[in-house]
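Me: I'd like to go through this structure with you, a few residues at a time. Shall we take a look?

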Amino acid sequence: YEAAKGIPVGRKLVPEDFPVESYLDDCDRLFDIHEQCGGDFIWSASIFWGIPWVEAALGCPIVLSSYESGSIHAEKPAAYAGADILPDLSLDNPWLCKAIEFLEQIGRRSAGRYPLATTRMRGVSDLLAVLYGGEGFIFKMMADPDEVKQTAAGLRDFWIDFGRMQIERIPEYHGGIGSFYYNAWAPKGTIWHQEDAAALLSPALFEEFIKPYDEEIVAAFDGCIMHQHSTGYVPVKHYLEMEFTALELHIDEGGPSAEDLFGTHTMILDKKPLIIWGNIPERDLDWIFSKLPARGLAVITVVDSPQQAEAIWNKHLAKDSFRSKKE
């Protein structure tokens, strides 16, 4: 996003730091770049995904440390003292107003050319990690489990309200909506979800403190795609028991290869659609397209140019290769 170069560094950010008009040209530009690369996917716009929206709306300070980091992070609010002070989501919330402004203006700019989607929304474990600290939320689970569960329930409700606010304002696109990050058409009402901080938990802690609230989040929407990294603890088996529309699993730089993840990939594909996303090395693409079935599989790899995209397409998807052999 060219517009993001104007974000102030090193101080608490406010909604006025994100003039929506500046991001509209970026939406058109990113759509055009994506279209030049061909493929089966369509770029999906969202309220600017670089903002940790749920945390900001909860009252957490958000800060851009440096342009080099490319990441706006949330910090623990100074006044946080437990679940009783978690706010309700209301139209008086300035971050909610900014999110609505993004959706309305992007919808008008798109004019049906590209779909809109829900933005990045960090889940219950991620939010607990902000409110109590990256290690502190684990110790809090053991020292004061009732408070953590009360907080998690409040975060669940706030998350659902923020998600519904977006879904209600996203225009229909060929009977569905977009899926941000995956640049894919998705069934109407589909939301993005993630629980990256779950990687810090044991299976038992996840099952007690996170799973019940994730089940209720999934049940609150017509569709839900779960984003996952492949490093650390990944609660795939729990997710397969929930009503997710699809599961996404990164090919992370420095993480397990596609061959190492073969058992996990096939386990997911036995029950649900699978999205594999990442800057996927050629050896991993070779493995994926030669070993995994096509049905239920979406492979979305980062490319540097339309020429690289064309080379991948011609090698793995053209003529009578992957599609005709596997479907």
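Me: Is tyrosine 181 buried, partly exposed or exposed?
Reply: Keep in mind that this is a predicted model. Tyrosine 181 sits in the loop between β3 (176–179) and β4 (184–187). Buried would need under 20% relative accessible area, and exposed over 50%. With a relative accessible area of 22%, tyrosine 181 is partly exposed.

Me: And what is the phi of tyrosine 181 near?
Reply: Most residues other than glycine have a negative phi. Tyrosine 181 isn't a glycine, yet its phi is positive, near 80 degrees.

Me: Where does histidine 250 sit, and is it buried or exposed?
Reply: Histidine 250 belongs to strand β7 (residues 246–250). Leaving aside neighbours within four places in sequence, its contacts include Tyr181, His227, Leu261 and Trp277. Its side chain also makes a polar contact of 2.4 Å with that of glutamate 248. At 3% relative accessibility, histidine 250 counts as buried.

Me: Which helix gives the most to the largest nonpolar core?
Reply: In soluble globular proteins, nonpolar side chains tend to be buried together. Here the largest nonpolar core has 109 residues, and Phe18 and Phe162 touch the most other members. The top contributor to this core, with 9 residues, is helix α6 (residues 145–169).

Me: Which side-chain partner does arginine 29 have in a salt bridge, and how far apart are the closest N and O atoms?
Reply: Look along helix α1 (residues 20–36), where arginine 29 has its partner 3 residues away, about one turn of the helix. Arginine 29 is partly exposed at 29% relative accessible area, while aspartate 26 is buried at 3%. The salt bridge joins arginine 29 to aspartate 26, with the closest N and O atoms 2.8 Å apart.

Me: What does the salt bridge between aspartate 28 and arginine 109 tie together?
Reply: The closest N and O atoms of aspartate 28 and arginine 109 are 2.8 Å apart. Aspartate 28 is in helix α1 and arginine 109 in helix α3, so the pair ties together parts that are 81 residues apart in sequence.

Me: Which residues are linked with aspartate 28 in a network of salt bridges?
Reply: Aspartate 28 also forms a salt bridge with arginine 113, whose closest N and O atoms are 2.7 Å apart. Arginine 113 lies in the loop between α3 and α4, so this pair ties together parts 85 residues apart in sequence. The residues linked with Asp28 in the network are Asp25, Arg109 and Arg113.

Notes: Residues are numbered from 1 along each chain as its sequence is written. This is a predicted model: local features need pLDDT of at least 70, side-chain atom pairs count only at pLDDT 80 or more; totals for chains, interfaces and linings use all residues. Side-chain values use heavy atoms; hydrogens and water are left out. Helices (H or I, at least four residues) and strands (E, at least two) are DSSP runs, numbered from the N terminus. Buried means under 20% relative accessible area, exposed over 50%, partly exposed in between (1.4 Å probe, protein chains only). A polar contact is a pair of N or O atoms within 3.5 Å; within protein, one must be able to donate a hydrogen and the other to accept it, and residues adjacent in sequence count only if both atoms are side-chain atoms. Contact means heavy atoms within 4.5 Å. A nonpolar core is a set of buried Ala, Val, Leu, Ile, Met, Phe, Trp, Tyr and Cys residues joined through side-chain atoms within 4.5 Å. A salt bridge is a side-chain nitrogen of Lys or Arg within 4 Å of a carboxyl oxygen of Asp or Glu.
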